[in-house]
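Welcome! Please take a look at the protein below, and then we will walk through how its parts are arranged and which charged side chains pair up.

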Amino acid sequence: MSATLPPPPGPRPQLPVESLGVLPPGFEPVADEPCLRADAARNRARLLEAAARLVAEHGAAGVTMEAVAAAARVGKGTVFRRFGDRTGLLMALMDHSEKKFQAALLSGPPPLGPGAPPAERLRAFGLAMLRRASEELELQLAAEPAPERRYTVPARRFHRAHVALLLRQAAPDADGELLAHTLLSSLDPALIHHLTVQCGQPLERLERAWTDLVARATRTEPFRG
């Protein structure tokens, strides 16, 4: 009996490395914000920039609707109308970060973006995820979805599809879909928090472990750079 997971609905094309920006059906990037008036778009960007500064300076606990309003020099009602509540604000901030990350994956320079061998892209993906987590760990933990939604939110579906696609290119005989779950579990924000904050492990150790894990999964030489 095969251990391969059932494929998602629709065809699963084997894409060349240069086309890795095209993902299989059912796996879409985080959706763009509905079209806004120019002034509304500027206000939204201003609020998100203010929230990002608060996270950088005070952690996610410092992100309140009142604090964001004060930092952006707008009325508190403006923040509530734009995001609804604090959870909505945190999710919008995470979406803003995720869209920038996805843009780098789909059209940025290699090895994170297209143009490098799949094993190199996979290594670069994990290292970028670790660095991103170290910079916004409190925000990622605060915006963590409920357990029943953890694997179905668009961002995680996108990450899983991206990793599975790279694995199919680098190790075509492996169960890429199931192995993608295994690899991504080592990049879980809660685990990163436990290892770096609670256990005091340096981020460099996690980066070396990811590089080793990719080399083993793809049967390639470990990166020595």
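## Contacts along the chain

Let us begin with contacts. Among the contacts in the protein with a separation of 6 or more, 68% are made by residues 24 or more positions apart. Please keep in mind as you read that this is a predicted model.

## Helices and surface

What kinds of elements does the protein have, helices or strands? The count is 9 helices and 0 strands. If you follow the sequence from start to end, the pattern reads α-α-α-α-α-α-α-α-α.

Now for inside and outside. The protein has 225 residues, and 41% of them count as buried. Its accessible surface is about 12100 Å², and carbon and sulfur atoms hold 57% of that area.

## A link between two helices

Next come the salt bridges, of which the protein has 7. One of them joins Lys76 to Glu66, with 3.7 Å between the closest N and O atoms. That distance fits the rule, because a salt bridge needs a side-chain nitrogen of Lys or Arg within 4 Å of a carboxyl oxygen of Asp or Glu.

Where do Lys76 and Glu66 lie? Lys76 belongs to helix α3 (residues 76-83) and Glu66 to helix α2 (residues 65-72), so this pair ties together parts that are 10 residues apart in sequence. Lys76 is partly exposed, at a relative accessible area of 42%, and Glu66 is partly exposed too, at 43%.

## Glu144 and its partners

Which side chain does Arg150 meet in a salt bridge? Its partner is Glu144, at 3.2 Å from N to O. Arg150 has a relative accessibility of 24% and counts as partly exposed. For Glu144 the relative accessibility is 22%, which is also partly exposed. Both values belong in that class because buried means under 20% and exposed means over 50%.

Glu144 forms a salt bridge with Arg156 as well, and here the N to O distance is 2.9 Å. Arg156 lies in helix α6 (residues 154-170), while Glu144 sits in the loop between α5 (118-142) and α6, so the pair ties together parts that are 12 residues apart in sequence.

## A network of charges

Salt bridges can also be joined up, as one last example shows. Which residues are linked with Arg132 in a network of salt bridges? They are Glu98 and Glu136. Try finding Glu98, Arg132 and Glu136 in the structure to see this network for yourself.

Conventions:
Residues numbered from 1 in each chain as written. Predicted model: local features only at pLDDT ≥ 70, side-chain atom pairs only at ≥ 80, totals over all residues. Heavy atoms only, no water. Helix = DSSP H or I, 4+ residues; strand = E, 2+ residues; numbered from the N terminus. Buried < 20%, exposed > 50% of the residue type's maximum accessible area, 1.4 Å probe, protein only. Contact = heavy atoms within 4.5 Å. Areas by Shrake-Rupley, 256 points an atom, 1.4 Å probe, with all protein chains shown as cover.
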